[in-house]
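Please look at the model below before reading on. The paragraphs that follow walk through some of its parts in turn.

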Amino acid sequence: MPEPVEHAREAFGAQNPTPFVIPQRDDLQTVGEAVEFLNARDWIHKNSKQRARVGVSAILEWLALHPGDSWQARWESSGIENDVSWKSRIMTPYDQSRGSAWGPGTAAGGVGYLVALDMVRPSYEWLQSASGSLKNLPRVVVGHRDPVGGEQVVAALRDRADRPEKADRHVRDAMYVLACIMGRTGKTQLADVTVDDISLAISARKAVGAGPQTGSLYDAISILGLLPADAPPRFRDLRKLGQLSIEELVDRTGIKSRRVRNFFVDYFRARAHLRYSTILQLVSRLVQNFWVEIEMLSPGIDTMDLPADLVDRWRDRIKVVQYGTNKGKPRTDVGSITLGVRRLYFDINDWAFSDPERYGDLAARNPIPAHDTKMRARMHRARRANSHQRTRERLPHLPTLMAHVEDQKRLFKAVLEAVEPMEESGRVEVSGESFLRLGIDFLTSKGSRYEAGNPPIHVRRLSTGVIFDARAEESTAFWRWATLMAMKETGCRIEELEELTHSSLVQYRLPSTGELLPLLQLAPSKNDKERVLLMSEELTDVISAVISRVRGTASDGRVPLVVRYDWSEKTYSDPLPFLFQRSIEGENRVINRAWTLKHLNQVVEEVGILDESGNPVRFHNHDLRRIFATEATMQGLPIHIVAKILGHESLHTTTGYAAIYDEEVYRNYRAFIDRRRMQRPSVEYREPTEEEWEDFLGHFERRQLELGTCGRAYGADCVHEHACIRCTMFRPDPRAEARFVEIVDNLEARIAEALENNWLGEVEGLQVSLAGARDKLERVRRKPVSLGIPILREQP
């Protein structure tokens, strides 16, 4: 299915849909004419002319061996764009025939000059995939055709960037895309470049896997005022065009049959009450991956009654992904597509029976037999088993990952605090490592520019030699820690984490003890039901640190209001005080799923966690959520409580998350439970009564102790036999500080007495108690941070 950026081509400035509107030059028919013309160009530096002549001569001599009435035709017939060894294939015979040693790099340089002279126009895909070799392309193409426009692009991007290294990267990307557009289309001026050109070039970059989509050229053109008046000001907004209509969703698949197209429009309109992301999924399965594929296999087909051999060919084709970034990979959701098609045909026949005048001609035999549903059930069980295995493999590594992000947060915070006050370059020691702050002369020697009010602080880590921006690294380390800790402690979905606002924090006071319980309210997401979680001490620390940080970015001390774009539903939120927001180029944005997964897997690589094949273990969207469910269940939390915490409506879904039992044991046990339930009164399987709920609340009352509260889970026994001072689950009361001081003093005196009397058996136990008491004393002495939980005042 086409990307949103391609849809934008039709909306804004699509003035040049075909790349060869501008005629290609045809006056340089021979190698000699081309070399002579190149030699006369004053825009080629004299030291580069000989290498340029050699590169152009070698390529043209090689192209002359292939059929075609122009250099472009010979380029296309040569197959150069499908030959990964094209540089050696061109230069080896050239060097052998002359006894020279110019090497493959000379051919890469020659391509740049041929493109600049408009003698060949390579495809966008090849230009993007060969970007590592065509280093001179921006210099020779843009430098020859529109040097002033190139300088304007560079100036616009440097003036906008908040950090020099970002400006350098954006400039490189923008200039290469501009060179590709000029080389492919024959355009000679920056002002002629359209949104359509940029979309085609960037889409090709993604198609060949040459790197993420970059909109630097689009942003530069926008800054220079060269975009249509109705075009979005930033490239990232170009991909946020909102929800498309049902007609647009169906039409962009490329469907040919108008009769079938109109049916699908009616079919999806009848499901307009579904979430937009669900409609997208249905269009992908039923139109893109079913009907459009049928039309490709049988052009001109206009009936839903499909021959058996056509269905078989379609089945073979959908086993491999045909679109998107996973194109060419084995498909894992074949059963979902076939089941969706089976349901579609049931609906078609129902509609034909109910309204034969409109849909009677579409009635047809269902091409998906009933036994396919059994195959899908087998595939579902296999996916669940694989999911459980993934969870079992990743669960033991979670403490290591969390310790690493905690250490990195602490380290880079200490580094920033050490180097920030320094006015000149100098060396500092942090956590046993040496770091060297680099002065302003380092920046100026690199030719970089920066904002005077907030320059980067470049630091070299002497143990590795790596140079980094201390401010940027500290920010990244903090948000890594905050996002991963929040997901680990709550088991929430990534989109639920994105949607947390300052208003998500609520509190509940126990009527009997007056104890305040901090609660976290998760907004409705997948099943449109909100839920409230009790915040652990660790989660409270995370949320308080996040609030303190985001408040620090605002002049009024409040959590800034930010607009969030929902990539699934294609909608913008109202301005809200989102908690997980960070500053990017001077603008606060909500942390999104792509950022979270990217940094989670970077942490895995940094720690060095490898799978059986020696590759870094990869984490996906719900891995931390499944680990949370597994840990909670293993620690004795009833499965129905875990389901409530995760927001699952069905226990079956939750048992699929918790990777505890062997699949066969689980199935047999569930069958036993089902048989027993059939023999027991249904009243036993119900919502808890008021008395049972009161018993649950009473658990919190019974946790109240002299010096604080016990944090053990509901229904769990005390694992330390009420030795609370030693227990990590004990939450000390800040009001008991004086009592903890007495306990520490008493334990120190008892240890001294034991050592004096050689009671070594007592010393070890007393030291364990002393360590626990000191830990509790340190915790009560921590400076409290206000969560700023909003209070609703009663209306007068």
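Which residue in S6 is the bridge partner of Leu505? The bridge partner of Leu505 in S6 is Leu520. Keep in mind throughout that this is a predicted model.

That pair belongs to the contact between two strands. S5 is joined to strand S6 (residues 516-522) by five bridges, and the two run antiparallel. S5 and S6 are part of an open sheet of three strands, ordered S5-S6-S7, with antiparallel pairing. Strand S5 (505-509) and strand S7 (531-534) are at the edges with a single partner strand each, so one side of each has no neighbour in the sheet. On average, neighbouring strands of this sheet are turned by 40 degrees against each other, direction ignored. Strands of a sheet pair through backbone hydrogen bonds, either parallel or antiparallel.

Another open sheet has four strands in the order S1-S2-S3-S4, and the pairing here is antiparallel. S1 and strand S4 (466-469) stand at its edges; each has a single partner strand, so each has one side without a neighbour in the sheet. Neighbouring strands of this sheet are turned by 30 degrees against each other on average, direction ignored.

This sheet can be followed strand by strand. S1 is joined to strand S2 (residues 433-437) by five bridges, and these two strands run antiparallel. Val430 has Glu433 in S2 as its bridge partner. S2 then pairs with S3 in the antiparallel sense over three bridges, and Leu436 stands opposite Arg460 in S3. Arg460 also has a bridge partner in S4, namely Ile467. Four bridges join S3 to S4, and these strands run antiparallel. S3 and S4 form a hairpin with four residues between them. In the turn, Gly465 has a positive phi of about 80 degrees.

Two helices meet this sheet. H21 lies across S1, S2, strand S3 (458-461) and S4, and runs at about 145 degrees to S1. Helix H23 (residues 470-490) packs on the sheet and touches S3 and S4, with its direction making about 80 degrees with that of S4.

Where is Met422? Met422 is in the loop between helix H21 (398-419) and strand S1 (426-430). Leaving aside residues up to four places away in sequence, Met422 touches Arg427, Val428 and Arg437. Met422 and Ile457 are 35 residues apart along the chain, and their C-alpha atoms are separated by 9.9 Å.

Elsewhere, two helices pack against each other. Helix H15 (residues 258-269) and helix H16 (residues 276-297) do so at an angle of about 160 degrees, with their axes 11 Å apart. H15 and H16 are therefore roughly antiparallel to each other, as angles over 145 degrees count as such. Their crossing is right-handed. H15 contributes Val260, Phe264, Tyr267 and Phe268 to the contact, while H16 contributes Ile279, Leu282, Val283, Leu286, Val287 and Trp291. The residues of this contact of H15 with H16 divide into ten nonpolar, no polar and no charged.

Last come the aromatic rings, with 21 aromatic pairs in the structure. In one of them, the ring centres of Tyr218 and Phe235 are 6.0 Å apart and the ring planes are at 65 degrees, so the pair is edge-to-face. Tyr218 lies in helix H12 (residues 216-223) and Phe235 in helix H13 (residues 235-238), so the pair ties together parts that are 17 residues apart in sequence.

Conventions. Residues numbered from 1 in each chain as written. Predicted model: local features only at pLDDT ≥ 70, side-chain atom pairs only at ≥ 80, totals over all residues. Heavy atoms only, no water. Contact = heavy atoms within 4.5 Å. Axes fitted to C-alpha atoms, helices over the stretch in contact; angles between N-to-C directions. Parallel < 35°, antiparallel > 145°, perpendicular 65-115°, else oblique. Left-handed = near helix turned anticlockwise from the far one by under 90°. Nonpolar A, V, L, I, M, F, W, Y, C, P; charged D, E, K, R; others polar. Pairing = 2+ DSSP bridges. Phe/Tyr/Trp six-rings, centres within 6.5 Å; stacked < 30°, edge-to-face > 60°.
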